[in-house]
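Subject: Structure for your review

Dear colleague,

Please find below the structure I agreed to pass on to you. A summary of the findings comes after it.

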Amino acid sequence: MASEELLKQFMGLMRQEREREKEEEERRREQEKEEKLKRREEKEEKWAKMLSGIRVELKGELAALDSKMGEINIALESEVDERRGEFKRLEDELARLKSNGGFVAGTASAVLKITPPTFDGQSSFGNYMRQFEAVSLNNGWGEAERAINLIVALRGPALDLIQTIPEQDQRSYVSLVSALELRFGDQHSRHVFQSQLKLRRQKMGESLQEFEADLKRLCLMAYPSAPIDFIDQWVAQTFIEGIRNVEVQKTLRLTSFNTSREALIRALEIDAAFKISDSGPPRVRKSELTEEDGAVGGSRDSGIE
């Protein structure tokens, strides 16, 4: 009987010890879980503050750019107004001289003569010819003078084209314009710009801002009559597909953008966040937390049993 009593006491002590160990193990696991959650919350809070600071800096830079662009636009509008005023003054002077019964050759031409702009094949040929015709009309040039002054105004690839034109045709203004129209005409240029836009990718060392601006330029040249909404959406899609950084590109594809400016701002935020940390931004998924909780709970249940 004494042995049985001692055995019962021993078994009771063993059960109490196991229960105490289980309680300690459960407290330890709960503490580890709380510490892990606390570290994760601290890390998330740190990244949130960091991204908030980046957004503030980007907004400040964009505001400065907008302000600078506004100043440039004002300066350009002022210059355009001055040019228009000068042109109007010349027209009035010409009309006044004509109303006075003509003018002495050499005197008026020295006052009213306008030098035509140059053309290198990079801008719209149609727009250039409108300018050249206006200058020709103002200067009173005949066909021969127009041909001479057109050749003098050519630069770069446009001037190189003259070498392919027969010498007798170089004296013909109509022949010169036809050759230039065939090579640099708007219809031809649109196809070129459309091909360039289709194949355009961000170059090595090219910033996201420069890349987006050049895409917009190409799109406007390729589709000059397209609605602005079409231009914005087309540039935004091409911008995302052409970014060199694959991680930034993948992240941008998860969101739909109506304008290239929205895509650019988001790309700058993501790129800046990636550059701050070598490992990239934290990825906290609910599934991970659920799996960890489930593993803890499962271990707890198995221990109790």
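The notes below take the nonpolar cores, then the salt bridges, then the aromatic rings. Please keep in mind throughout that this is a predicted model.

Nonpolar cores

The largest nonpolar core comprises 24 residues. Within this core, the residues with the most contacts are Leu208, Leu215, Phe239, Ile243, Val248, Leu252 and Ala267. Six helices each supply at least two of its residues: H1 (2–99), H8 (186–199), H9 (208–222), H10, H11 (246–253) and H12 (260–276). Apart from this core lies another one, of 20 residues, among them Phe119, Val135, Ala147 and Ala153. As a general background, nonpolar side chains tend to be buried together in soluble globular proteins.

Leu215 may serve as an entry point to the largest core. Once its neighbours within four places in sequence are set aside, Leu215 is in contact with Leu197, Arg200, Val235, Thr238 and Phe239. Of these partners, Phe239 is also listed among the core residues with the most contacts, while Arg200 reappears below in a salt bridge with Asp214.

Salt bridges

Over the whole structure, a search finds 19 salt bridges. In general terms, side chains of opposite charge can pair when their charged atoms come close.

One of the bridges joins the side chains of Arg261 and Asp66, with an N to O distance of 3.1 Å. Arg261 belongs to helix H12 and Asp66 to helix H1, so this pair ties together parts that are 195 residues apart in sequence. Both ends are partly exposed: the relative accessibility is 38% for Arg261 and 41% for Asp66.

Asp214 takes part in two bridges, one with Arg200 at 2.9 Å, N to O, and one with Arg217 at 3.0 Å, N to O. The bridge to Arg200 links distant parts of the chain, 14 residues apart: Asp214 is in helix H9, and Arg200 is in the loop between H8 and H9. Is Arg200 buried or partly exposed? Arg200 counts as buried, because its relative accessibility is 8% and the cut-off for that class is under 20%. Asp214, at 19%, counts as buried as well. Arg217, by contrast, is partly exposed at 39%. Arg217 and Asp214 are separated by about one helical turn, because they stand 3 residues apart in helix H9.

Elsewhere, Glu25, Arg28, Arg29 and Glu32 are linked in a network of salt bridges.

Aromatic rings

The count of aromatic pairs comes to 9. One of them is formed by Phe230 and Trp234, with 5.4 Å centre to centre and 40° between the planes. This pair is classed as tilted, because its angle of 40° is neither under 30 degrees, as stacked would require, nor over 60, as edge-to-face would require. Phe230 and Trp234 both lie in helix H10 (residues 228–242), 4 residues apart, about one turn of the helix. Each residue is partly exposed, with a relative accessible area of 32% for Phe230 and 36% for Trp234.

A single aromatic cluster is formed by Phe119, Phe125, Tyr128, Phe132, Trp141 and Tyr173. Phe119 from this cluster is also a member of the 20-residue core. Tyr173 has a charged neighbour: Arg146 lies over the face of its ring, at 5.8 Å from the ring centre.

With kind regards

Technical notes:
Residues are numbered from 1 along each chain as its sequence is written. This is a predicted model: local features need pLDDT of at least 70, side-chain atom pairs count only at pLDDT 80 or more; totals for chains, interfaces and linings use all residues. Side-chain values use heavy atoms; hydrogens and water are left out. Rings of Phe, Tyr and Trp (its six-membered ring) pair if their centres lie within 6.5 Å; planes under 30 degrees apart count as stacked, over 60 as edge-to-face and the rest as tilted. Buried means under 20% relative accessible area, exposed over 50%, partly exposed in between (1.4 Å probe, protein chains only). A charge sits over a ring if NZ of Lys or CZ of Arg is within 6 Å of the ring centre and within 35 degrees of the ring normal. A nonpolar core is a set of buried Ala, Val, Leu, Ile, Met, Phe, Trp, Tyr and Cys residues joined through side-chain atoms within 4.5 Å. Contact means heavy atoms within 4.5 Å. A salt bridge is a side-chain nitrogen of Lys or Arg within 4 Å of a carboxyl oxygen of Asp or Glu.
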